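Let's take a walk through this structure together. Have the sequence and the 3D view at hand, and follow along at your own pace.

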Amino acid sequence: YAKVKKVISVTIAYFDLGQGKDYVYRGLTQFKGIHEDDILQLAEKQITIYSVNEVYQIYPEYWIIKVDQFRGLIQDKLDEWIYFLKNAEIKEDFSAKGLLKAKEKLDKMNLSEEEQVEYKIYLKRLRNIASEQHTKVEDAKILLEEFNRGLEEGLDAKEQEAVIGFHEIGVSVDKIAAALKITEKKVQEIIEAYQKKS
């Protein structure tokens with residue numbers, strides 16, 4: 001149960017489902033003893049393991065939203081959703097999570113067949129432009145890396161020439177390192193590599 005995801009079922013009813021004054025009903029799973037008439041509870045250890053306080057928090061939850069009974073008075077984020085479901089519109093001050101995405105889908109569904117084809121062509125064009133831009137950015141990164149590598153290799157070649165030049169006229173390793181602002185170890189490596197080639 002600690003790993004089981006809670007199931008929440010939402011029924012959006014555009015007809016009079018059952019009798020009641022409210023427009024939102026919530027049903028929780030409760031287990032009642034058939035002999036002792038007691039309500040099943042969690043043990044302290046289970047509360048810790050499952051990170052819940054009551055049995056109903058583990059089991060499915062059921063919501064019925066009676067859209068036709070909603071009178072349009074917005075009291076919370078849920079009411080913003082119900083207003084949208086009833087009127088297919090969103091007021092400017094609405095801020096419920098996911099509402100704008102739902103509106104986009106509804107707007108697409110309400111397009112004529114011809115408009116849907118045009119919209120798909122438009123989206124395809126946007127994807128192509130995004131793909132081209134991505135490719136150009138990646139190409140630019142590769143060119144920049146190659147340029148920097150070439151620059152480093154060019155600097156290394158000049159550095160090596162300078163080390164060998166100083167070495168051949170008898171300048172000591174420590175003085176070469178100080179003059180070129182590199183480590184003595186690197187100077188020694190360059191000299192050794194040059195001597196192996198010779």
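A word on terms before we start: contact here means heavy atoms within 4.5 Å, and the angle between two axes is taken between their N-to-C directions, on a scale from 0 to 180 degrees. Please also keep in mind that this is a predicted model.

With that settled, look at helix H2, residues 77-87. Helix H2 lies across E1, E2 and E3, and runs at about 50° to E3.

Now for the strands beneath that description. In what order do the three strands of the open sheet come? The order is E1-E3-E2, and the pairing is mixed. E1 and E2 are the edge strands, each of them pairing on one side only. On average, neighbouring strands of this sheet are turned by 15° against each other, with direction ignored.

The mixed pairing becomes clear if you take each partner of E3 in turn. On one hand, E1 and E3 pair in the parallel sense, over six bridges. Isoleucine 8 can guide your eye here, since its bridge partner in E3 is glutamate 61. On the other hand, E2 and strand E3 (residues 61-66) run antiparallel and are joined by five bridges. Tyrosine 25 has isoleucine 64 as its bridge partner in E3, while leucine 28 has glutamate 61. Glutamate 61 is thus worth finding in your viewer: this residue is the bridge partner of isoleucine 8 and also of leucine 28.

Let's return to isoleucine 8 and turn to the surface. Ile8, Val10, Ile12 and Tyr14 form a nonpolar patch there, and together they have about 360 Å² of accessible area. Tyrosine 14, one of these four, sits in the loop between strand E1 (8-13) and strand E2 (24-28). Why is tyrosine 14 called partly exposed? Its relative accessible area is 43%, which falls between the 20% limit for buried and the 50% limit for exposed, and therefore the label is partly exposed.

Finally, travel along the chain to another loop, the one between helix H4 (113-168) and helix H5 (173-180), where you will find glycine 170. Glycine 170 counts as exposed because its relative accessibility is 63%, and exposed means over 50%. To get a feeling for the distance covered, compare glycine 170 with leucine 73: the two are 97 residues apart along the chain, and their C-alpha atoms are separated by 93 Å.

How values were computed
Residues numbered from 1 in each chain as written. Predicted model: local features only at pLDDT ≥ 70, side-chain atom pairs only at ≥ 80, totals over all residues. Heavy atoms only, no water. Patch = residues over 30% accessible without salt bridge, like charges linked within 9 Å, V, L, I, M, F, W, Y side chains within 5 Å. Areas by Shrake-Rupley, 256 points an atom, 1.4 Å probe, with all protein chains shown as cover. Salt bridge = Lys/Arg side-chain N within 4 Å of Asp/Glu carboxyl O. Helix = DSSP H or I, 4+ residues; strand = E, 2+ residues; numbered from the N terminus. Buried < 20%, exposed > 50% of the residue type's maximum accessible area, 1.4 Å probe, protein only. Pairing = 2+ DSSP bridges.
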